[in-house]
Structures are given as structure tokens and as C-alpha cells.
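I opened my notebook to look up a few things about this model. I wanted the overall build first, then the parts.

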Amino acid sequence: MEYQGYLQQESKQRKTVHILVFFSTFFFYFYMGMLAHEKGFWGAEEVYLGEKALLAVRGEPARFENIGLTYPPFPFMLRFLPASLGLHPYAGVFFSSISGALTILVLISSLKRSRISTLIITPVIIVNPLFIYTFSSGGSAGLFLLLLSLFTFYFKRFIESKGEDSFAFFISSLILGFSFLIRYEAVFFLIPLIFTLIKDKNRWRVVSKLLIFTFPSLFLSTGWTYINWLYKGDPFHFIHTFGLISFETTLKEQKSLFYSLALAIILFPSYLVSLYHVARQQNLLILFLSPLAVALTSTLLLDNMVSTSYFCLLGSVSLIFESNLGSNASRYLLVLAMIAGALIGYTLSDRTTWGEERDFIKTLIGTQKEERFKEEKELANYLKSLQGKIFFDDTYDYAVVFFHGDPKSFVLPYQMEFGFYLKAPFFIARYVVVPHPKYRNMINENNPLIFPEKDPNWELVEKIGKWKIFAARYRKD
Amino acid sequence: MFKLVLSLLGAKTRKREKEAGAHQIRDSELPDYTILIPVYKEARVIPHLIESIRRIDYPKSKLDVKILFEEDDIETLVAAKELKPEGFFEFIVVPHSFPKTKPKACNWGLQFARGKYITIYDAEDRPEPDQLKKAISTFRNSPPNTVCVQARLNYYNKYENFLTRMFTLEYSYWFDYILPGLELLGVPIPLGGTSNHFVTERLKEIGGWDPFNVTEDADLGVRAARLGYTVRTLDSTTYEEATSRLKNWINQRTRWIKGYMQTYAVHMRNPFRLIREIGLKSFIGFQLFIGGTPFVFLVNPVLWILYIVWLLTQTRVLEPIFPPWVLYFSLLNLLIGNSMIVFMNMIAVWRRKLYRLTPWALLSPFYWILHSIAAWNAQIQLVSNPFYWEKTPHGISRIFTARKQTT
């Protein structure tokens, strides 16, 4: 009875610690995100997701397919409710911070000596600059990291149970499948991890494991191709149009993957500490190394380099494997490595290959001079003062609609009318906004005379940044 | 979604320690135990039945086995007598009257029961030998309002053909994942047809089985919940014979679905009273399980046909009756709902290590077609012949025949 009481008390204490960690982490990341917004930082993906969610729930007509069906749907879907309530400017940071708080919970749950480790490790993880960026910048990276951390946690449990823990297998397969709806590169995890499943004397058991492991990824990706076929007539529309809006720097433009990877390892030396202890167990080693294999595969196949924030997974994985460290000395070494990583992170913040990460950290520490999307915000504010429909191509200038907040004021490419009136927008809109011809834009391409002010149907009313705003000369509605 | 939550909960449950302690109970502490076995035209199975009961690990002096024969079924009675079973077997003849159903026979047997606990087995059942001891151990470690513990059911002829494979997948999923999930959620558990162990006094207090209900077990589970009693699951398996012939399968499933319809209709006569008695959570569980099961099977063919017509013709005629939100929900169900059920069937066999059955889960949609045929059959029968009991013949499995020849 006494022992039972002790266990109950300990479980209660652990619950309290977890609740405290959850809320303090959430508020910390949320505060950092809002602070960055206040200082002028907006993540490109955050804005893109927010704009498409606005089109989906407040567009004309409001339809699911307004999200474009190019990028995985779940991050858009999360934004639907806030967008319909007019809370879209806060939604990105809110969901990132929730993901952050949950990820930290997953990590501290996997620590062997939870009470001491929780107190030491939690703040060390939270303040790592890459974690702050991932969980405060409003993109989908935080959610992706949460699911991959959860997946690693459960799949490790399955491997360690020698295939007995059906719950862990069930949930990890499901989580991995679901991750595909957040980032396509999740499917690449299947490739290395299949090797952990095939080494088995029972042939039917191997077949069973492979089917269960791959089925959620297969049915969710097949479902996505079906939706693409249904709405776009092309089941592989998402592959053909992927990378149209590039949130991440391509290999051609930037330094190599290996530079990014090296930087990530410098930021997470804890990964090397855990690697040393996992190296002797083959299946665990494959799981441990899979984030690197996925980074390499997706870079080579998609020609799209994963951002340094993706390598936060290295930090996560090294903590999830903390229970495999042989001695207390190794655990202290891990903590020291985490602390060193966080400190290095701040000193190397301007070395990351991805500009947005750099800007985010610089904004927070106050060295960033340029405000992101400044011109878009100015244009959006100006457009709010206009009466009448605005003909606008938001393919690359999605931020204008996001900061404007009312998609009904625009005629945009997701609407059928946009295509009909592209050559003569004055039939449907009172205003047209065109950027400088050096920027890709459908309106310019179809009406090359508007921007040079040689089209008699349009009268220039304002110039903001790269854009010119014209009013229809013969339309007075 | 509901099934997914239940499956996750069910997958989390582990073998309970309290049942593992069953063997520590001394024989002198064991109470009398009644086993009711209703049989009808099952002369072929009788030797197998006697053998299965003999294998039960329980002091024979404390066993009270009652085989219930129908008055017009002389053949089975004679077959049983010829075997000259031991004294703890008792033959009871149920007088001929209507409705001629299994629950009516069980009610007849109940009045002669002398055990503190009572259980029901079908003639072809092969319970694990320590099941009665485990049941007692579970009762002792359960809350005082526990009226019944339900053992898991599975099949011994699982690899015989498509039907038996799919049946095994279905039962493994139902008893190994769904029922433990329901138990954890505190939602009434629809009892399985056999291997449910009761506290005899409480069963009498509830009023025994409804002789007019063709799934008397499901009805009994709800009635117990209405009186504030709970049902728990028992980590012991009874192996049965899965019906391997299509016609028999349809008949059996028709009866089960008809019984669910009856149970739903009976308890929903006063829905507010039902909510008051079992609580909102259980009420929702009742709607989804007892009401939802036949409803889904009935509606499925209509939706499949609509979908196939649309897929082949791309017609826009249906658009007015499918506003976007209906379309999105349907799409979600089509893609996620169906696939999730197939996935859950895949995982179902994992716990029993029946790995060879996993690929068969991919054929689940074809099995669902059979369910819908049975559901429509049940709907028609509910109107035309509501209390008719579709008897499922047993002892026709190839495995059973082979074993019989060997012995």
C-alpha cells in the first residue's frame, strides 16, 4: 500500500511537472514569435499558409481546393479556424508554439532520470536558437519536428520491445504516414527504416511488419494524389508544381548540404554523444541515423535543401536516445553538449544557409535592420482604403492578401473569373496592381502595356515599392 | 475516429496481473460454477463438446454443467447419452414453446443453476482450460458492481478459406482491441454470444436473457449497464468454429445485425431515460455501436453505387444534394475512414501472432459487401419475421472433420 501511494504521488508530481513545462514552453515560444512579429519579422511559409487558409475559408467561393493542392494540406487545414475568425496573423505562431511545447514534453518523457533531467535539460533545449526559430516562426517545421520526434520515440520503443509492443508499432506507422501530410520528405523515412524490419526469421512476420509500416504512408499519399486528380485533373499536380514558391534555398543558389549538416552538428554536438552509445545496436543505429539519410535523399531527389532547422531533429533524436547512454557521466556529457550547442548557436547565427533563420535570430537580438514584407504591408494598407475589386496576381505576392486580410476585395488566380478577364481586367475589377516586369506576374505577361502606363484603359493612382496601382479609366462603380 | 480511439486504447492494454494470479487460488476456495450449453441439432459436435468441458481445469465436484436440449431434438440427446459422460454433466430438456431461441433455453437452464458463477458455451467452443479460474480471479479484482466478464473469442479454423480468415481478423480486432478499449472508456460492452461469465444472482436480478432478442447477449450488456452494473473483459480465449460457407455466414450475420436492430429499437423507446440511466458517454457509445453498426451496413451500398456512378460518368446531377461540406466529409471518410479500418484490421492479428493474415486485411472492402447483404436481409426479416432464429450449423469445418476422423 505504501509503495502504491508512493507511485501515485510520483505520478502526480510528474504530471504537475509536465503541465508546468508545457505551459511555460508554450508561452515562451509564443512570446518570442510575437516579439519577432512586433520587430518586423514574418516567416514566408507562415504568411503563405495564412493566405491560402484565408482563401479557403473566406474566398469567393470558399473552397478547400483554394489552398492550391501543391504543398501538403495539413498545415493549411490547421489555419482554417483562425482564418475564419480573423485571427490569421497569430495562428502560425500559436500552432508552432503548441508544437514546440508538445515536442519538449515528448523529449522529457523519454529521459531516463526524468526529475533531475527535466530541470536541467528542459531550459537548455528550449533556448537553443534553432529550436526557438522552429517553434516561433510560424511555419510547418515545428509540427513536422513534433511528429518526427513522436515517431522516433515510439519506433524506438517498438525496436526495444523486440517487436512485442504492438501499440508502439501501430502508432509510429500512423504518425509517419500522417507526417506526409505536413512535409513530403517524410516518405523517405520508410527507406532506411525498412532495414530494421526485414531482419527476422519468420517470413510472414516480415511481410506483416512491412505492410503495417508502409500502409499509412501509402494510403495517405494515394489519398492526396486522388484529391489532386479530383480537383486538378492531374493526380501528380502536387509533384509538378512543387517548389513553385520556394521557402527553402536550393542547392544551386546556396552552399552545400554538407555545410548545412556540419553546421547542424556543431549546433547539436549532443548527437555525437548519443551516437557513440547507439553505434553497437544495429536497428537502433539505423533509426538514429535516419534523419541524416532523409536529409540526403530529399536533397538529391527534390533538389531542395532542407533548412538547418530540419536538423533540430538531431537534437531531438539525441535526447530520445538518452536512456541508452550507459552511465551518468555520459548523461552529464550530453547536457554539456546541449549547453555548448545553444551557446554556439547564438555566436554562429549569421552562418546558417537559410536567410530566414538568420533574419529571425538577428531580429530577436536586435541586429536586423530590414523589416521583412515591409513593402507588402504598405501595399496592403493602401489597398484597404480602396473601394471596388482589385485585380491581383498573388502567386508570388501572397503576402499582400495576407496582410490585407479580406480576399473578397480581390480577383485572384484561384477564381475562375481571373482567367476569363486576364486580358481585359477592367471588365471585372476597378483596380489592378502590377509589379515591375522583372518580377514574374501573369497580369504583366498578358497586359505588357499597363506597367509602362501605355494602356488607355488604366490610369495610374499610386506607386508603392515595386508595384504600380491603376484604376480603370472607364469604370466608375 | 471513434474506432481509432478505441483501438489505440485497446492496443495499450496489457495482460493484467490480476488474471495472471488465477492459479494461486486454492481448489478449496473455488465456488460452484455452472456452465450452460444450449444445443440444437448438433449431434455431430457433441463428442467434441464433452471433451472440451472435460479439459477445463476446475475441480469436477464443483462443476455444474447443464446441456440444454430442445424437446424435438432427440438425435442430439441420444448422441450425448451414448457417450455416457461423468456425473457433473446434466441433461436438461427444454419444453417446446415459442419463441424457440437460444436465450429461451438459457433462461430455462438458469433456474436450475446452482453455481455462484455461471457461463454460456456453444457446442463447438473450446475454452482455454484455465478460463473459469481466470474469470473468478477477475471478478475478485473487479469493482463490486461487476456483473459479467467477457472472454475473448477467436477461431480454430482461421486459415480454411476467405471467410474464416476475414472472420478471424474481425474477431481479433473486436475482442483484442475494441472491447478492451470500450472497457477503458467505461462504455457498455456488447457481450459476445458465448463465454460470458456472470454472477448468477445478479444475472437473475437483471432478468436473464430476452428470449425474443436474437442477439440476447448485446441486449443483456445494455440492460446490465442500465442497472448500474459493469462488464469487464477477460484475458482468456475461447476458440470457436468460424462458419466457412457463404450461405451460413450470411444467415448468421443476418441474425446478428437483426439483433442489433432489435436491441437498438428496444432501448431507444425512451432515449432520455436511457441517457439518465447509463450516462451521456455510454449513450453515445450505444448510438455508435449498436445503432451505428447496422446503419452503416445499410447505407454503404447506396453510397458505393452513387460513388461508382459519379466515377464513371462524372455527372453533376448530384451536386445540389452534396454541398461542399458534405463532400469534404465524404472525401475524408472515403480516404481516411476506410483506410484506417483496413489498417486496424492489419494490426488486429499482431497480438495473436497470426502474421499470415495481415495481407488479407487489404480485402476487407469485399467482406464489407457481404455485411451489407446481410444487413438488408436483416432489415427485411426484422419486419417479416422478427423473432426467427437463423441457426448456424457447426461441425462442418474441414479441420473439425479431420480431427474427428483422427480421434
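I started with chain B. It has 407 residues, and a compact globule of that length would have a radius of gyration near 22 Å (taken over C-alpha atoms; the globule rule is 2.2 Å times the number of residues to the power 0.38). Chain B has 22 Å, so the two agree. Its C-alpha atoms fill a box of roughly 75 × 45 × 45 Å along the principal axes.

I noted the ground rules next. This is a predicted model, in which local features need pLDDT of at least 70, side-chain atom pairs count only at pLDDT 80 or more, and totals for chains, interfaces and linings use all residues. Residues are numbered from 1 along each chain as its sequence is written, while chains are lettered from A and ligands numbered from 1 in the order in which they are written.

**Chain A, overall.** I found 22 helices and 5 strands in chain A (DSSP runs numbered from the N terminus: helices are H or I with at least four residues, strands are E with at least two). The radius of gyration of chain A is 25 Å, close to the 23 Å that the globule rule gives for 477 residues, so chain A is as compact as a globular protein of that length. The box for its C-alpha atoms is roughly 85 × 50 × 50 Å along the principal axes.

**The sheet of chain B.** Chain B comes to 15 helices and 8 strands. In what order do the 8 strands lie? I read 3-2-1-4-7-6-8-5, an open sheet with mixed pairing (strands pair if DSSP finds at least two bridges between them). Strand 3 (89-94) and strand 5 (126-127) of chain B stand at the edges with a single partner strand each, so one side of each has no neighbour in the sheet.

I then checked one pair. Strand 4 (residues 117-120) and strand 7 (residues 196-199) of chain B run antiparallel and are joined by 3 bridges. Tyr117(B) stands opposite Val199(B) there.

Helix 4 (residues 74-82) of chain B lies across strand 1 (33-39), strand 2 (63-70) and strand 3 of chain B. The angle to strand 2 of chain B is about 145° (axes are lines fitted to C-alpha atoms, for helices over the stretch in contact; angles run from 0 to 180 degrees between N-to-C directions).

**Two helices in chain B.** Helix 12 (residues 280-313) and helix 14 (residues 364-384) of chain B pack at about 105°, with axes 8 Å apart. These two helices of chain B are therefore roughly perpendicular (65 to 115 degrees; under 35 is roughly parallel, over 145 roughly antiparallel, the rest oblique). Among the residues that meet are Phe297(B) in helix 12 and Trp368(B) in helix 14 of chain B (in contact means C-beta atoms, placed from the backbone, within 7 Å).

**Two helices in chain A.** Helix 14 (residues 270-278) and helix 16 (residues 312-320) of chain A have axes that come within 8 Å and cross at roughly 45°. That makes helix 14 of chain A oblique to helix 16 of chain A.

**Where the chains meet.** How many residues does each chain give to the contact? I got 18 residues from chain A and 17 residues from chain B. Helix 11 of chain A gives the most to the side of chain A that touches chain B, with 11 residues.

Key
Two residues are in contact if their C-beta atoms, placed from the backbone, lie within 7 Å.
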